[in-house]
Amino acid sequence: HSLEIAEFAPREVKQAIVGSGSAQKEDVALMLLRMFPQLQNYAESLRNDVTDAIAIGICGMCLFN
């Protein structure tokens, strides 16, 4: 399907979302909750996986645009 595959280090994702590669995972989640308040509706355990996935997607958009 000619899809482009990308790989991001955790520091790259944190830099793209929070502005600091040394941010904590919780800082990334808090920033995403500010950007997408509807994420509050998800259970705590699910929210971590959801915020990780969204952060990686946003990182990809930032680096490829």
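In the predicted model, Thr51 has a relative accessibility of 2% and therefore counts as buried, the cut-off for that class being under 20%. The residue lies in helix 3, which spans residues 44–64. Apart from residues up to four places away in sequence, Thr51 touches Ala29, Leu32 and Leu39. Of these contacts, Ala29 and Leu32 are among the buried residues of helix 2.

Ala55 is also found in helix 3. Its relative accessibility is 2%, so Ala55 likewise counts as buried. The general geometry of an α-helix is relevant to such a pair: with 3.6 residues a turn, residues three or four places apart point the same way. Once neighbours within four places in sequence are left aside, Ala55 is in contact with Val13, Ile17, Val28 and Leu32. Leu32 thus appears in the contacts of Thr51 and in those of Ala55. Although Ala55 and Leu32 are 23 residues apart along the chain, their C-alpha atoms are separated by 7.5 Å.

Helix 1 (residues 10–18) and helix 2 (residues 25–35) also meet; their axes come within 10 Å and cross at roughly 35 degrees. The crossing of helix 1 past helix 2 is left-handed. On the side of helix 1, the contact is made by Lys14, Ile17 and Val18, while helix 2 contributes Asp27, Val28, Met31 and Leu32. By class, the residues of this contact comprise 5 nonpolar and 2 charged, with no polar residues. Ile17, Val28 and Leu32, which take part in the contact between helix 1 and helix 2, are also in contact with Ala55 of helix 3.

Within helix 2, the buried residues are Val28, Ala29, Leu32 and Leu33. Viewed down the axis of helix 2, these buried residues fall within an arc of 135 degrees, so they line one face of the helix. The face turned away from this buried side carries the exposed residues Glu26, Leu30 and Arg34. On the buried side, Val28 and Leu32 are in contact with Ala55, and Ala29 and Leu32 are touched by Thr51.

Ala9 lies in the segment before helix 1. With a relative accessibility of 35%, Ala9 counts as partly exposed, because the value falls between the 20% limit for buried and the 50% limit for exposed residues. Ala9 and Ala29 are 20 residues apart in sequence, and the distance between their C-alpha atoms is 17 Å.

Terms used. Residues numbered from 1 in each chain as written. Predicted model: local features only at pLDDT ≥ 70, side-chain atom pairs only at ≥ 80, totals over all residues. Heavy atoms only, no water. Helix = DSSP H or I, 4+ residues; strand = E, 2+ residues; numbered from the N terminus. Buried < 20%, exposed > 50% of the residue type's maximum accessible area, 1.4 Å probe, protein only. Contact = heavy atoms within 4.5 Å. Axes fitted to C-alpha atoms, helices over the stretch in contact; angles between N-to-C directions. Left-handed = near helix turned anticlockwise from the far one by under 90°. Nonpolar A, V, L, I, M, F, W, Y, C, P; charged D, E, K, R; others polar. Arc of directions from axis to C-beta.
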